[in-house]
Each structure stands twice: as structure tokens, then as C-alpha cells.
Amino acid sequence: SGAGKAIAVLTSGGDAQGMNAAVRAVVRMGLYVGAKVYFIHEGYQGMVDGGENIEEATWESVSSMLQVGGTVIGSARCKEFRTHEGRLKAAHNLVQHGITNLCVIGGDGSLTGANLFREEWSGLLTELVEQGLIEADAVQKYSALHIVGMVGSIDNDFCGTDMTIGADSALHRIIEIIDAIMTTAQSHQRTFVLEVMGRHCGYLALVSALASGADWLFIPEAPPHEGWEDLMCSRLESSRIKGSRLNIIIMAEGAIDINGKPISSTYVKDLVVKRLGYDTRVTVLGHVQRGGTPSAFDRILSTKLGVEAVIALMEASPDTPACAIGLSGNHAVRLPLMECVEMTKLVQKAMNEKRFDEAVKLRGGSFENNWNIYKLLAFQKPAQIKSNFSLAILNVGAPAAGMNAAVRSAARIALAQGHKVYAVHDGFQGLAFGQIFEMEWLSVAGWTGQGGSLLGTKRTLPNKHMGKIVENIAKYSISALLVIGGFEAYAGVLQLFEARGHYDELCIPMCVIPATISNNVPGTDFSLGADTAVNAAMEGCDKIKQSASGTKRRVFVVETMGGYCGYLATCTGIAVGADAAYIFEDPFNIHDLKTNVEHLAEKMKKDIQRGLILRNENAHANYTTDFIHRLYSAEGKGIFDCRVNILGHLQQGGAPSPFDRNYGTKLGVRAIQWLSERLTENFRQGRVFANSPDTACVLGLSRKVIKFSPVTELKEVTDFEHRMPKVQWWFNLRPMLKMLAKYQTSFTEYVPGEIEHVTRRSISIDAGF
């Protein structure tokens, strides 16, 4: 319970998209547990100045913040707070409002300042008593200041958390611009030098280079070696000779050479013009990257972290050290604040001492893996030896964004390893009817940013054409299969595995990369395409909310896709602040529907005169979208009117999000590495013979770890009737959705975050992004 407690929330340092979602979550969760919550406007400056800068928050005061970029409560750099006198004023202002719980959203400097303030707190109160500014009993009453931090930084430069608030949205801005620039570069055969933010951290540059297939990359953690000018120019030239019409060079603003001397974007441009004579332009992205609406990932991340921050403050005792709330394998965790800060400082120290390999490692396993994969895929490396193995790659099921990125990286890695690579058009049907074509390095140029499935995809399962599939596997001497798709891809490979007893030709390694907007494939937390789909649904709902706000007293019932799986409806619901999200996995009855109608009728009496209800397409056999619309219309008559929107296939289309491009690229690489290992292990007497269960697997992400799960073992955890896993990690997000929509729900359903220590070992795990 938060009764009798007061929490203040402030944003400090550079702004980042998603900060408002975090503020909203802190305010609503604080009020939900019964505490008083205050905004501190203009960061630490507002805390020092006091007065109107410290304002009590209400439930309604955060109602339209979720989709707004930047920070609504303002942020400022404050020199005064760095002085003892400034912190004394701040302590006086907090005590006057009875605030002893502080939630700080900012970078490592802001969080370090908060920790110093916490350590000085009791001394500051004693000084205030001596100066006669507060009563003596206040020292006892407000004896401890509890601090919880959340990291808002587009650079993703804070050790201990997989992602910081704002990084994903900044990547969205960068990728939108790269996609736009590529079309004009292609038209005029130009070279573009793109400068992105990142004075000390190359994360944005690295991920955008990986997600766009850039020709060359400069990041401060890994400066180019002596003589890089010659190498870069020859690389650009060779790509033009092979038929490319454009070159993209991406630079972090803090790019340096091996001696620590800055490399400017104009220097790189002049070099390309002088040496190669190419028409070259520089685009500096600047503050565009900080602006705009937050992505779905950032909204959900900020909401999770904000809710967890309040719980951490409620549970804190005077001895609890200051903690930062971070993300670890998709779960909110509590990290000892100063452990994170010390580890973050080690990266800069390593760079200052020119220990660049060490700096890349200290950035974390995900950063290091991204860097290594970028180097693998950036340019064509001729295979050292031909392997005599042939791989076939196919897409199965419905199209999903990110499929093409996975095909591109898989094909290129396989070619670099000396394998022959076949593309199969139209899934298992194409494999049966011989729609099989050999792929080259340039066959997949520019595929990363393309939505849908360029290979073409069908839902047909192999049992329908098993004989013909086996014939073509023999005809083309296919020694391994990579199947990229949704539930049908899993079910299809399971059928092929079970047919091994009848056909020796099927005793080959097979791997499934889950790719579906429904996120319903067993063996993985995330499927390719789900992130893009949640963003598409969220953008649609943002516009619908705007329409509802304009007309007043209107409720929209929005239907999402997803089959029987409620992932899309639940995540979109959190990202847009829906009043309810009906899904198949969370059974509901007429009584629940009636409660929701009454809840909305009550809401209409206040300032927020709009409502948004999400329903998964197969949430209930009888309570259809039309039924819910009619029920709400009848019961809400005279209080609100009701409209229906079916989002449909717009959730499937569009360019892939940065996450799906990057995740697809990494899964493609990992799948081929695994298939190559299985091919070598199972090569006997001149042929591949792989018949053990661990040679037909689903490649998935579980928490932080990439793992291969045999398709036959996943049968036990799969609900085949409803085409989804029996247990799904995201179901734990449901209580949060209800609490932030002001429903009285059992608090015991909420799973609080664990404490995780930040060590070199803990940061070395690749977080999948």
C-alpha cells in the first residue's frame, strides 16, 4: 500500500521518446497503490526552484501523454543541483510536500546525481533544521529518501539494461530516413554519408547499418585501422562494379580514427569525391532522431519500467540501495544503480586508453554480436572452398515483415561458407512443383528493408505433396532446409520430420525461423514480424483515438489479427492505453462485458471522454466484434456512441521495423551456422544422413538466449487446435494493462521484478536485439 506516501517523478538530461509513457505509468501506478504523486517540472532545476514546478498529478492529467514524444513535464540541465546549496534547496522543497520517494528518468549523469542526493539526505535535513527552515521532528518523519531510476537515452549507452527508453524510436526515425534516401541515391547513382547521433556510443549507427545493409560504418568503439581510406574506396568501387547503383556510409557523430582523432562526415565525402569521383552528399540527421512519436516497443518498455519503479519504491527500506529499473530478456528487473554506472564508465575508460576491443565487449554481448555480424555481411567474401552442400530456403504461411532480412543474411552467410543456395518460391507447394532457383550474393541486395515475402509464401503443408517434395529434394541434391514462417512452418517441418521413417531423403538438417505477426510459434518468445505488426496496429489506434477525442463521448471497438493468440491485442492495448483488450487466453463472460460498459460510462463523466476497446479476431465464438459493438451501443445509449474498426491486413504490410530487420538478420546468420554444423556432423560415406530429433529444430529467443528446440519436443507444449503454445510469457503483462486502465484487479497477479547484479558476465549475453 502507498497510503501516506508521496512519490515525485522528474525527467532530466536529454529528452527521449517514451519518457511520457514512463511518467504516465509512474503516476497511474502510484495513484493505484494509494500514494500521492507529484510532477517535478523542468527536471532538477524545478526541484531546486520549487513553487509551481512541483505539482500534484491526477489520473486524468496523464491521459493523452502516451503517444507524445519528448517529455511533457520538461527537462533541463541544472548546474545548481551540482552544488551543495542547490541540493539543500531541493531537499527543502521536497520536505514541504512530504516527498520521500523519487523516480528519476534520465541518463547516467542524472541518476548519479540522484544517488548523491540520497546519500546526503539526512545531513541536508539536519542543516535545514539548524537554519530553522523545517521542524526538528521532520528529520525523523522524512528520515530516508528512496530513489529509483529509469534510463532515458536514445544512445542505448547504459550497461545492465538490454534497451534504454528512446533507443528503439530513434532507430525508427533513422531507418525511415535511410529508406527515403536509398530511393533518391538509386535514381542518381549517388553515395550518401549519413551522420547519426552517438558522441561516445555507436549503437544507433551500428544497428542502423546492420538493418540497412550499409557499405561502410564508423563507430567510436571500433575505429578503422591505418590505411582505411584505401580500403573503403576499393570496397565502394567493387560494389559499383558488381552492379550496385548506390553506396551508403553511416557514421556516428563521435567517429574517430585509431589515434583518437575525429573523422568528420565532410572529410569522408571529400575523400570519395576526390578518389572515386562519385556524386556524394552528406546528410546529418541531428535532432530528428530525438523527435516524433515513440515506437510500440518504447511505449511498452516505459510502461513496464514505470510500473516496476513504483513497486520498487513501495518495497524500499532505509537500507535499500538506489536501483535502476532495466530490461533483462524482456522482463523488468531491478539493477543496483551504482554497479550500472561504474560498468558504463569502464567503456569510456577503455576507449580513452585505446583498448577498443575491450570497449566493444563492455558494451555487451548484443553490441559485440551486431558488430561481428555487420562485418560478416557488409561485403562479399569469396568462399575459401566449395562445400558440396546445397541449402534450400523457403517462406511458409502468411507474409511477415523481416522474412526478407532473414533470407538475405542466410543466403549470404551460406554462400560465404561455400554452400550452393536455392530459393524456393511459394513455400512447400513450390518445393513440390519445382519452383526452385539458385541464388547469388547480389540476388538479395536491398532485401532487408522490403516488407512481405519476396520469395512468395503459401500455407500449404507438405503432407499434401510429400512424394513430389521428396523427388525434388533428391533431384536438386538438397542437403538442408531453412523454413521461415509461422505456425505452418513449424507444423510443416514436424510433418517432414515424422515422414523420415518412410523417406531417407528427409534425413537432412531442418531449421524453422519463426516469422508471423501472430507471435504464436512454440519455442520462441518472439516471431519475426510481430514488432512491425504491433507498430502498425498502434499507429492505426493512435489515429482512431484522435478521432474519438475530437468527437467526444465516443467508444471505438477495434479488432486485431492474431488467430487465437492474444499477443497482438495485448501489446497494442498497452501501447495505446486501451480500456480493455479481449483475448481468447483470458476468458470473459457477459458479466465482464457489462462491467466494462459501466466503467466506460463512469469515465465519460470525467475529462477523458473517449474509449478504446481491442478485441482479438478469435477472442470468443459468440461475443463477436459486432456483438460487442451492439452491446456497447445499447448499454451506453445516451452516454456514449460506439463505432467499429477492423484493422485487417494493414497489420501484415509495410516496411519492417528496425527490430524485425535486425532480428531477422541475426536469426538468418545463426540458422546457417547451426545448419552447417549439423551438415558436417552428419556427413558419412559421401552423403548427409541426419535422423535424430535434434536435427529438426525451431530457432527461437527465450528470455535472452537464442536456442534450438527440436520440433518433436515442442509437441508437448503446443495447442494444435488453436495453433499456439500452451504457456505464453506475455500473459504476465495483462494485469498491468488492467491496472493502468483503472480496473480494480488482484494485485497478486502482478509479478514484480527480480534484483540482477551487473557484472562483465551478465552483460556478455546477447539480448537478441
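This passage describes the pockets, the cavities, one helix packing and one exposed residue of a predicted model.

We may start with the open space. The largest pocket of the model holds about 1,100 Å³. Its lining is made up of 35 residues, and those closest to the pocket centre are Gly14, Arg77, Gly107, Asp108 and Gly109. Two elements, helix 4 (108–130) and helix 11 (337–352), each give two or more residues to this lining. Helix 4 makes the greatest contribution, with five residues. Sorted by class, the lining of the largest pocket comprises 14 polar, eleven charged and ten nonpolar residues.

Enclosed space comes next. Rolling a probe the size of a water molecule over the atoms reveals where space has been left empty. In this model, two cavities of 30 Å³ or more are counted. The second largest cavity has a volume of about 40 Å³. Around this cavity lie Ala209, Leu210, Gly213, Ala214, Tyr374, Leu377, Ala378 and Arg408. At least two of the lining residues come from helix 7 (203–212), and at least two come from helix 13 (365–377). Six residues of the lining of the second largest cavity are nonpolar, while one is polar and one is charged.

Helix 13 also leads to a helix packing. A pair of packed helices can be described by the angle between their axes together with the distance between those axes. For helix 13 and helix 22 (residues 658–681), the angle is about 75 degrees and the axes are 11 Å apart. Helix 13 is therefore roughly perpendicular to helix 22, as angles of 65 to 115 degrees fall in that class. On the side of helix 13, the contact involves Ser366, Asn369, Asn370, Ile373, Leu376 and Leu377. Their partners in helix 22 are Asn662, Thr665, Lys666, Val669 and Gln673. The residues of this contact consist of six polar, four nonpolar and one charged. Leu377 thus has two roles to note here: this residue appears in the lining of the second largest cavity and in the contact with helix 22.

A single residue completes the account. Glutamate 471 belongs to helix 16 (residues 466–475). Is glutamate 471 buried or exposed? With a relative accessibility of 55%, glutamate 471 counts as exposed, because the cut-off for that class is over 50%. Along the chain, glutamate 471 and glutamine 17 are 454 residues apart, and their C-alpha atoms are separated by 54 Å.

Definitions and conventions. Residues are numbered from 1 along each chain as its sequence is written. This is a predicted model: local features need pLDDT of at least 70, side-chain atom pairs count only at pLDDT 80 or more; totals for chains, interfaces and linings use all residues. Side-chain values use heavy atoms; hydrogens and water are left out. On a 1 Å grid over the protein atoms alone, a cavity is a set of points where a 1.4 Å probe fits but cannot get out, and a pocket is an open set with protein on both sides within 12 Å along at least five of seven lines; lining residues have an atom within 4 Å of a point. Grid points are joined across faces, edges and corners, and a volume is the space filled by probe spheres set on the points. Helices (H or I, at least four residues) and strands (E, at least two) are DSSP runs, numbered from the N terminus. Ala, Val, Leu, Ile, Met, Phe, Trp, Tyr, Cys and Pro count as nonpolar, Asp, Glu, Lys and Arg as charged, and the others, Gly among them, as polar. Axes are lines fitted to C-alpha atoms, for helices over the stretch in contact, and angles run from 0 to 180 degrees between N-to-C directions. Angles under 35 degrees count as roughly parallel, over 145 as roughly antiparallel, 65 to 115 as roughly perpendicular and the rest as oblique. Contact means heavy atoms within 4.5 Å. Buried means under 20% relative accessible area, exposed over 50%, partly exposed in between (1.4 Å probe, protein chains only).
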